[in-house]
Amino acid sequence: MTELKRELSRFDMTMIAIGSTIGSGIFLTPALIAHALPSPGWIVGIWLVGGVMALTGALTFAELGGMMPGAGGVYVYLNEAYGPLAGFLYGWAYFLVCNTGGIAALSLAFATYLGHFVALSPNGIRTAAIAGLLVVTALNIRGVKIAGIFSDIFTILKLAGIAFLIVAGIGWGTNRTFDFSAPLDLHGSTLGAALAAAMVGALWSYGGWQHASYAAGEARDPRRTIPFAMVTGAIVVVIVYVLANLSYMLMLPVDAIGDSARLASDAMQKVMGPAGAGVIAAAIFVSTFGTTGIYTLTAPRIYFAMARDGLFFRRVAAVHPRYRTPALAIMVQTAWAVILILFWGTFESLISYVVFTDWIFFALAAAGVFILRRKRPGAERPYRTLGYPVTPLVFVSISVWFVGNTLVNRPQEALAGLAFLAMGVPVFLFWKRRAAPAGSG
């Protein structure tokens, strides 16, 4: 069988970790967080908690990535720690909700910001979202190195755009727009409900560094490259996010941030006029479009690994004979994302389902570090989690708190996500029976 081609460098993988994390979140979700928790201290606190989760998660997953450097990332870790059902349910959720829902949300986000330059109706936004997605799909099919170059360029451009926003806030903003001693007014909501809503936004924004692990099968020296990429990516993102949020609060009052539909553009309009708003709108388009391309690159490696294990359509495991990419896996993912763009609701409704489901598996995968140290004590570990066992315990504890808090305060999204996972069990049994005559697949 034709193998995937190892063409991604350490720089490529680090840009994937950074670029897959910084997408629409830092431009859109600060408004959601400020609306839920209209206090500068609480806002910064939420972003710092999210940063702790990103750093502890990256440090924990880095050990798993170095130990198991094959294509599929978290899918592989769950398989090894808990067995094939856990790995399958992750792939099932990632294909039908998490990654394709993320791609759909990102596509709608970049098409929305394209509307800053070209007048687009709601149907026009969906059409532009689908057209952009088809472009990045074609690039990813043509070769992993082409996709890696795309990731490098767009990640550098988005970092430049955010740097422009940060400099504008520090240089032209004013500290009269916020007061860290201001009391928290929840407008009749409970603190638990406000935290649940705010954490959805923060964790959506911080999720992504783990995407470097999905493409491990195409990385050079993956045992060292994957840990470096995830940890470095998480550190860069935390610094960028905290500075960006401080810049927003230097440009706009907290209540204006919470009421803004296009926060970054509104903030730049306030301090630099239409020219600044246009520059940041272009930066957001570049950022979300680039992240859509990276998601289209990374996640199909999960479905590819599942198909090789006999838990998905066998043809999805095929590698393109010329381009050496999992072409059919990429196309299947895009087809489902297009359906979500056409028939699923708003950006906010998409990310609520995605984040809750995602973090169930992140908690399980991180806890797998403890299990695998017992099950496979002699396995090669080029990197061992810094601060073990405290580091993974912090990540797992905050993840479990978030999942439980969402279940209590946002039961509609949480129960729908759990029901969706339960539906995957009979599907797993079907694939397992189908693969049985051929052995393990």
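Mentor: Lys and Arg count as positive here and Asp and Glu as negative, while His and the chain ends are left out. The model is a predicted one.

Trainee: How far apart do the centres of the positive and negative side chains lie in the protein?

Mentor: By that count, the protein carries 29 positive and 18 negative side chains. Each set has its own centre, and the separation of the two centres is 11 Å.

Trainee: How many helices and how many strands are there in the protein?

Mentor: A helix must run for at least four residues and a strand for at least two to be counted. Under those limits, strands number 0 and helices number 17.

Trainee: What radius of gyration does the protein have, set against that of a compact globule?

Mentor: The C-alpha trace spans about 70 × 45 × 40 Å along its principal axes. For 441 residues, a compact globule would come out near 22 Å. The value for the protein agrees with this, at 21 Å.

Trainee: What share of the residues in the protein is buried?

Mentor: A residue is called buried when its relative accessible area is under 20%. Of the 441 residues in the protein, the share that is buried is 61%.

Trainee: Of the contacts between residues at least 6 apart in sequence, what percentage join residues at least 24 apart?

Mentor: Contact needs heavy atoms within 4.5 Å. Once pairs under 6 apart in sequence are set aside, the part joining residues at least 24 apart is 83%.

Trainee: Which helices do the buried residues of H6 pack against?

Mentor: H6 covers residues 122-142 and reaches 31 Å from first to last C-alpha, close to the 30 Å expected for its 21 residues. Its buried residues include Gly124, Ala128, Leu133, Val136 and Ile141. Just after H6, glycine 143 has a positive phi of about 155 degrees. The packing partners of the buried residues are H5, H7, H12 and H14.

Trainee: How many residues of H3 are buried?

Mentor: H3 runs over residues 40-67, and its span of 41 Å is close to the expected 40 Å. It is largely enclosed by the rest of the structure, because the buried count among its 28 residues is 21.

Trainee: Leaving aside neighbours within four places in sequence, which residues is threonine 298 in contact with?

Mentor: Threonine 298 is placed in helix H12, which covers residues 263-298. Its relative accessible area is 0%, so threonine 298 counts as buried. Beyond its sequence neighbours, its contacts are Ile16, His211 and Tyr214.

Trainee: Is leucine 165 buried or exposed?

Mentor: Leucine 165 sits in helix H7, residues 144-172. Residues it touches outside its sequence neighbourhood include Ala244, Tyr248, Met251 and Ile280. Its relative accessibility is 1%, and the limit for the buried class is under 20%, so leucine 165 is buried.

Trainee: How far apart in space are alanine 327 and valine 286, C-alpha to C-alpha?

Mentor: Alanine 327 lies in helix H14, residues 327-343. Alanine 327 is buried at 8% relative accessible area, and its contacts beyond four places in sequence are Ile141, Ala318 and His320. Valine 286 is 41 residues away in sequence, and its C-alpha distance from alanine 327 is 24 Å.

Trainee: Which residue is joined to tyrosine 388 by a cis peptide bond?

Mentor: Most peptide bonds are trans. In this cis bond, omega is about 5 degrees. The partner of tyrosine 388 is found in the loop between helix H15 (347-375) and helix H16 (390-409), and that partner is proline 389.

Trainee: What is the phi of aspartate 221 near?

Mentor: Aspartate 221 lies in the loop between helix H9 (211-214) and helix H10 (222-251). At 43% relative accessibility, aspartate 221 is classed as partly exposed. Most residues other than glycine have a negative phi. For aspartate 221, phi is positive, near 50 degrees.

Trainee: Where is arginine 324 found?

Mentor: Arginine 324 also has a positive phi in a residue other than glycine, near 60 degrees. With 27% relative accessibility, arginine 324 counts as partly exposed. Its place is the loop between helix H13 (300-308) and H14.

Note on methods: Residues are numbered from 1 along each chain as its sequence is written. This is a predicted model: local features need pLDDT of at least 70, side-chain atom pairs count only at pLDDT 80 or more; totals for chains, interfaces and linings use all residues. Side-chain values use heavy atoms; hydrogens and water are left out. The radius of gyration is taken over C-alpha atoms; the globule rule is 2.2 Å times the number of residues to the power 0.38. Buried means under 20% relative accessible area, exposed over 50%, partly exposed in between (1.4 Å probe, protein chains only). The place of a charge is taken as NZ of Lys, CZ of Arg, CG of Asp or CD of Glu. The expected span of a helix is 1.5 Å times one less than its number of residues.
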